[in-house]
Amino acid sequence: MKAWLCGLDDDEISSVSSILTFIGIEHSTSLTAFQLPDFVVLGGQIQSFELDEMVPIISLSHSLISPDGENLWLCPLPWRSQALSSILKEIKQLHTFPQASGVNLNLHVRHLEALLIRQALVSTQGVVSKAAQNLQIQRTTLIEKMRRYNIDKSEF
């Protein structure tokens, strides 16, 4: 899953980014980082928001004016794991479409690889050489993969 972080202050970015990284969700403060995110996280100061596309919204505000209340969840910080997991489960169900035929193995391998890289970086507090050792790959290979998956070591 991919999330766009919109209108978050530095403290909110820090809190939300670490949680999303830990659970393996790609995220960015730049909308151009993704073709279309799976959901948007709005900062607590944003009171009204509208998107052209039907994208689920998680707002850090206690109230938000949105034309589409069905795809809106109010979830102020601090996030509790049970509440967040139920919201993410609902968002995933919104994106569940029948598979035409077969499974895209490359997509699943890339997702798993990015998840393992993030977990290794979390466990080493962002030290790339130690993460590479844990993953049993060369440091330069890890750096290439981090670039490919848009993973920034400063997030950890």
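How many aromatic pairs does the structure hold? The structure, which is a predicted model, holds zero aromatic pairs. An aromatic ring does nevertheless take part in another kind of arrangement, since R148 lies over the face of Y149, at 5.8 Å from the ring centre.

**Strand 3 and its partners**

Strand 3 comprises residues 39-42, and its side chains point in two directions: F39 and V41 face one way, V40 and L42 face the other way, and all of these residues are buried. Strand 3 is joined to strand 1 (residues 2-6) by four bridges, and these two strands run parallel. Strand 3 also pairs with strand 4 (residues 57-59), again in the parallel sense, over three bridges. The table below sets out the two pairings, each with a residue of strand 3 and the residue that stands opposite.

| Partner of strand 3 | Bridges and sense | Residues standing opposite |
|---|---|---|
| Strand 1 (residues 2-6) | four bridges, parallel | C6 and L42 |
| Strand 4 (residues 57-59) | three bridges, parallel | I57 and V40 |

**Helix 5 and the residues that follow**

In helix 5, which spans residues 139-148, the buried residues include L142, K145 and M146. These residues lie on the same side of helix 5, because they cover an arc of only 105° around the axis. On the other side of helix 5, R147 and R148 are exposed, and R148 is also the residue that lies over the face of Y149. The buried residues of helix 5 are covered by parts of the structure that include helix 3 (105-123) and helix 4 (128-135). After helix 5 comes N150, whose phi is positive, near 60°.

**The surroundings of S154**

Is S154, which has a relative accessibility of 60%, buried or exposed? S154 counts as exposed, because a residue is placed in that class when its relative accessible area is over 50%, and the value for S154 is 60%. S154 belongs to the segment after helix 5, and its side chain makes a polar contact with the side chain of D152, at 2.7 Å. A further relation links S154 to L121, for although these two residues are 33 residues apart in sequence, their C-alpha atoms are 9.8 Å apart in space.

Definitions and conventions:
Residues are numbered from 1 along each chain as its sequence is written. This is a predicted model: local features need pLDDT of at least 70, side-chain atom pairs count only at pLDDT 80 or more; totals for chains, interfaces and linings use all residues. Side-chain values use heavy atoms; hydrogens and water are left out. Buried means under 20% relative accessible area, exposed over 50%, partly exposed in between (1.4 Å probe, protein chains only). A polar contact is a pair of N or O atoms within 3.5 Å; within protein, one must be able to donate a hydrogen and the other to accept it, and residues adjacent in sequence count only if both atoms are side-chain atoms. Two strands pair if DSSP finds at least two bridges between them. Rings of Phe, Tyr and Trp (its six-membered ring) pair if their centres lie within 6.5 Å; planes under 30 degrees apart count as stacked, over 60 as edge-to-face and the rest as tilted. A charge sits over a ring if NZ of Lys or CZ of Arg is within 6 Å of the ring centre and within 35 degrees of the ring normal. The arc is that of the directions from the helix axis to the C-beta atoms. Contact means heavy atoms within 4.5 Å.
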